[in-house]
Amino acid sequence: MCPPLVAEDFDVTWGDGRGKILNNGQLLTLSLDKTSGSGFQSKNEYLFGKIDMQIKLVPGNSAGTITAYYLSSQGPTHDEIDFEFLGNLSGDPYILHTNVFSQGKGNREQQFYLWFDPTADFHTYSILWNPQRIIFSVDGTPIREFKNPESIGVAYPKNQAMRIYSSLWNADDWATRGGLVKTDWSQAPFTAPYRNFNSLTRAGNNNSWLNEELDSTSQERLKWVQKNYLIYNYCSDVKRFPQGFPPECGIGSA
Ligand SMILES: *[C@@H]1O[C@H](CO)[C@@H](O)[C@H](O)[C@H]1NC(C)=O
């Protein structure tokens with residue numbers, strides 16, 4: 001079998017040549033310099049799916065940069081499922097920021113450190129999105145599960161098809177240590193490669209992912225990550241929610 005071709009699934013959509021498809025369509029690279037970042041998007045739209053992408057993050061001094069990889073629909077009441085990687089000074093840890101929007105409402109952040117150096121090699125970042133749950137995984141280890149909270153009256157993404165987007169951009173007003181550390185443009189261009197995109201969709205012939213849930217081993221792994229690598233959870237931010245946490249926090253969805 002041939003390796004999957006990212007070129008078949010994605011179009012580079014902005015960045016004036018800073019996003020490139022290389023190696024006969026097997027590798028996609030985004031780059032950022034002082035003038036512009038870059039980005040790509042999927043040719044297809046997905047209504048539920050299980051997607052994997054291997055990404056190698058910007059090495060060295062990546063402070064101020066953000067590499068985003070997410071699903072999103074369009075419009076003011078859009079749904080969105082986000083991975084964002086916030087860069088850092090050489091040797092300091094990236095933050096993996098996650099969020100879930102339903103019907104235009106987000107503010108459901110969880111942030112993590114990773115248990116490896118995400119710039120040394122490619123790692124697999126996955127989103128499982130089915131009618132019951134959204135599971136974010138890293139190298140097959142679940143880091144976050146957002147359960148469908150409709151039974152308690154909170155909207156869940158399930159009616160709007162989403163595209164996959166990725167971008168590399170400058171956000172030194174907030175990305176690194178809350179905006180204290182600025183992008184060092186003498187290090188530009190900043191570059192991140194992507195490869196081995198895989199997707200399971202309803203058009204496929206193996207639909208078991210549509211009902212997939214975490215087995216007991218995966219639940220243990222999730223607990224391990226949440227105990228050791230979770231650095232921010234909106235569901236425990238008392239200062240931000242003095243009147244009480246959002247309702248989905250109470251059902252262990254988050
Ligand atoms: C960057 O490193 C500092 C110091 O270790 C840490 O506090 C911060 O969480 C790291 N990540 C980001 C994105 O700021």
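## Starting at a loop

N23 sits in the loop between β2 and β3, so that's where we'll begin this look at a predicted model. What stands out about N23 is its backbone: phi is positive, about 45°, although the residue is not a glycine. N23 counts as partly exposed because it has 14 C-beta neighbours inside 10 Å.

The two strands on either side of that loop are partners. β2 and β3 (residues 27-32) run antiparallel and are joined by three bridges. One pairing to look for is K20, whose bridge partner in β3 is T29.

## The seven-strand sheet

Now zoom out to the sheet that these strands belong to. It's an open sheet of seven strands, and reading across it you meet β2-β3-β14-β5-β10-β11-β12, with antiparallel pairing. At the edges are β2 (20-22) and β12 (141-147), each of which pairs on one side only. Going from one strand to the next, the twist averages 25°. As a bit of background, strands of a sheet pair through backbone hydrogen bonds, either parallel or antiparallel.

Let's take the β12 end. Its partner is β11 (residues 133-138), and six bridges hold this antiparallel pair together. Among the matched residues, I134 has F146 of β12 as its bridge partner. β11 and β12 make a hairpin with two residues between them. In that turn, D139 has a positive phi of about 50°.

Is β12 enclosed or open to the outside? Five of its seven residues are buried, so β12 is largely enclosed by the rest of the structure.

## The nonpolar core

The largest nonpolar core takes in 46 residues. Those with the most contacts inside it are M53, I55, L71, F85, I127 and I134. You've already met I134, the one bridged to F146 in the hairpin.

I127 is a good residue to click on. Which residues does I127 touch once you leave aside its neighbours within four places in sequence? The list is I51, L71, I81, I134 and F136. Two of these contacts, L71 and I134, are also on the list of core residues with the most contacts.

## Loops worth a look

A few other loops have something to show. N107 is in the loop between β8 (95-101) and β9, and its phi is near 60°, a positive value in a residue other than glycine. N107 counts as exposed because it has 11 C-beta neighbours inside 10 Å.

Further along, F116 lies in the loop between β9 (110-112) and β10 (123-129). F116 counts as exposed too, since it has 10 C-beta neighbours inside 10 Å. Try locating F116 together with G104: they are 12 residues apart along the chain, and their C-alpha atoms are separated by 33 Å.

Then there's P189, in the loop between β13 (163-170) and β14 (190-200). The peptide bond leading into P189 from A188 is cis, with omega near 0°.

## Around the ligand

Finally, there's a ligand to find. Its surroundings are made up of L86, N88, D92, P93, I95, A175, T176 and R177. What kinds of residue form this shell? By class, the shell has four nonpolar, two polar and two charged residues.

Key. Residues are numbered from 1 along each chain as its sequence is written. This is a predicted model: local features need pLDDT of at least 70, side-chain atom pairs count only at pLDDT 80 or more; totals for chains, interfaces and linings use all residues. A residue is near a molecule or strand if its C-beta atom, placed from the backbone, lies within 6 Å of it. Ala, Val, Leu, Ile, Met, Phe, Trp, Tyr, Cys and Pro count as nonpolar, Asp, Glu, Lys and Arg as charged, and the others, Gly among them, as polar. Helices (H or I, at least four residues) and strands (E, at least two) are DSSP runs, numbered from the N terminus. A residue is buried if 20 or more other C-beta atoms lie within 10 Å of its own, exposed if 12 or fewer, and partly exposed in between; C-beta atoms are placed from the backbone. Two strands pair if DSSP finds at least two bridges between them. Axes are lines fitted to C-alpha atoms, for helices over the stretch in contact, and angles run from 0 to 180 degrees between N-to-C directions. A nonpolar core is a set of buried Ala, Val, Leu, Ile, Met, Phe, Trp, Tyr and Cys residues joined through C-beta atoms within 7 Å. Two residues are in contact if their C-beta atoms, placed from the backbone, lie within 7 Å.
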